[in-house]
Amino acid sequence: MKILFIVSRVPWPLEKGDKLRAFNHLKILSEKHEVTLFALNEGEIHPDAEDILLRYCKRIKITKLTWGWRLFWLVHDIFTKKPFSSSYFYSAFAQVDIEEIIEEIHPAHIYCQLTRVADYVEDIKDIPRT
C-alpha cells in the first residue's frame, strides 16, 4: 500500500520525542508498505538525514517553514478555534506541495503524525486518513 506520511519535523536526528516516534513508525510501515515522507523543516537539515530516511522511504519531500509565514498564520488564526500549534506549523507552500504529492503518487492512506499537520489533509475525503 502507498502511504503518505506527514510530519511537522524531519525525523532525524532523534533528539525529540516526536522525531523518535515518527522514525520508528517509518521503519515499521516500510516493512510492508511504500512510504512517501513529507516533512516540514524549521532550520538546517542534518547532513545524514536524507540518506538515513531513504532507507525507509521511497521518496522524501521537505518544505521549509519561515518565521514570516508562521507569524502570519498565528495572527490570522488567533480568533479561530484552531490550536496555535496547527497555525504555527501551517504553510501555504507546504499545502501546495502536499497536494502535488497526492496527485503524483495517489496514496492509499495518509498518516499525519500529529494533529498540528492534520489541517493539510482536512478536506481530502476520498483517501483514508489517520
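Two strands count as paired when DSSP finds at least two bridges between them. That is the rule behind the first close-up, where E1 and E2 run parallel and are joined by 6 bridges. The model shown in these panels is predicted.

**View 1. E1 and E2 side by side in the sheet.** Start with the pair just mentioned: 6 bridges hold E1 and E2 together, and the two strands are parallel. For a landmark, pick out Phe 5, which sits opposite Leu 37 of E2. Helix H1 packs on the sheet here, where it touches E1, E2 and E4. The direction of H1 makes about 175° with that of E1.

**View 2. The open sheet, strand by strand.** Four strands make up an open sheet in the order E3-E2-E1-E4, and their pairing is parallel. The edges belong to E3 and E4 (109-112); each of them has a single partner strand, so one side of each has no neighbour in the sheet. From one strand to the next, the twist averages 15°. Stepping back to the whole chain, there are 5 helices and 4 strands, and from the N terminus on they follow the pattern β-α-β-α-β-α-α-α-β.

**View 3. Arg 9 and its two acidic partners.** Which residues does the side chain of Arg 9 meet in salt bridges? One is Asp 18, at 3.0 Å from N to O. Asp 18 has 11% relative accessibility, which falls under the 20% cut-off, so Asp 18 counts as buried. The other is Glu 42, with an N to O distance of 2.8 Å to Arg 9. Arg 9 sits in the loop between strand E1 (2-7) and helix H1 (17-30), while Glu 42 sits in the loop between strand E2 (34-41) and helix H2 (49-53), so this salt bridge ties together parts 33 residues apart in sequence. Arg 9 is itself buried, at 17% relative accessibility. Glu 42, at 33%, is partly exposed.

**View 4. Lys 61 reaching Asp 97.** This close-up shows another salt bridge, in which the side chains of Lys 61 and Asp 97 meet at 3.9 Å, N to O. Lys 61 belongs to strand E3 (residues 59-64) and Asp 97 to helix H5 (residues 92-105), so the contact links parts of the chain that are 36 residues apart in sequence. Are the two partners buried or exposed? Lys 61 is partly exposed, with a relative accessible area of 34%, whereas Asp 97 is buried at 15%.

Back at Arg 9, salt bridges with shared partners connect Arg 9, Asp 18, Glu 42 and Arg 116 into one network. Searching the whole structure turns up 7 salt bridges.

**View 5. Trp 12 leaning on Phe 23.** The chain has 4 aromatic pairs. One of them is Trp 12 with Phe 23, a tilted pair with 5.4 Å between the ring centres and 45° between the planes. Trp 12 comes from the loop between E1 and H1 and Phe 23 from helix H1, so the rings tie together parts 11 residues apart in sequence. Phe 23 is buried, with a relative accessible area of 7%.

**View 6. Two tyrosines, stacked.** Tyr 90 and Tyr 120 make a stacked aromatic pair, 5.1 Å from centre to centre with 20° between the planes. Tyr 90 lies in the loop between helix H4 (84-88) and H5, and Tyr 120 in the segment after E4, so the pair bridges a sequence separation of 30 residues. Both rings belong to buried residues: Tyr 90 has 16% relative accessibility and Tyr 120 has 3%.

**View 7. A three-ring cluster, then the chain as a whole.** Trp 12 and Phe 23 turn up again here, as ring pairs link them with Tyr 56 into a cluster. Zooming out, 43% of the 130 residues count as buried. Among contacts between residues at least 6 apart in sequence, 61% join residues at least 24 apart. The accessible surface adds up to about 7500 Å², with 57% of it belonging to carbon and sulfur atoms.

How values were computed: Residues are numbered from 1 along each chain as its sequence is written. This is a predicted model: local features need pLDDT of at least 70, side-chain atom pairs count only at pLDDT 80 or more; totals for chains, interfaces and linings use all residues. Side-chain values use heavy atoms; hydrogens and water are left out. A salt bridge is a side-chain nitrogen of Lys or Arg within 4 Å of a carboxyl oxygen of Asp or Glu. Buried means under 20% relative accessible area, exposed over 50%, partly exposed in between (1.4 Å probe, protein chains only). Axes are lines fitted to C-alpha atoms, for helices over the stretch in contact, and angles run from 0 to 180 degrees between N-to-C directions. Contact means heavy atoms within 4.5 Å. Rings of Phe, Tyr and Trp (its six-membered ring) pair if their centres lie within 6.5 Å; planes under 30 degrees apart count as stacked, over 60 as edge-to-face and the rest as tilted. Accessible areas come from the Shrake-Rupley method with a 1.4 Å probe; for residues, only the protein chains shown count as cover.
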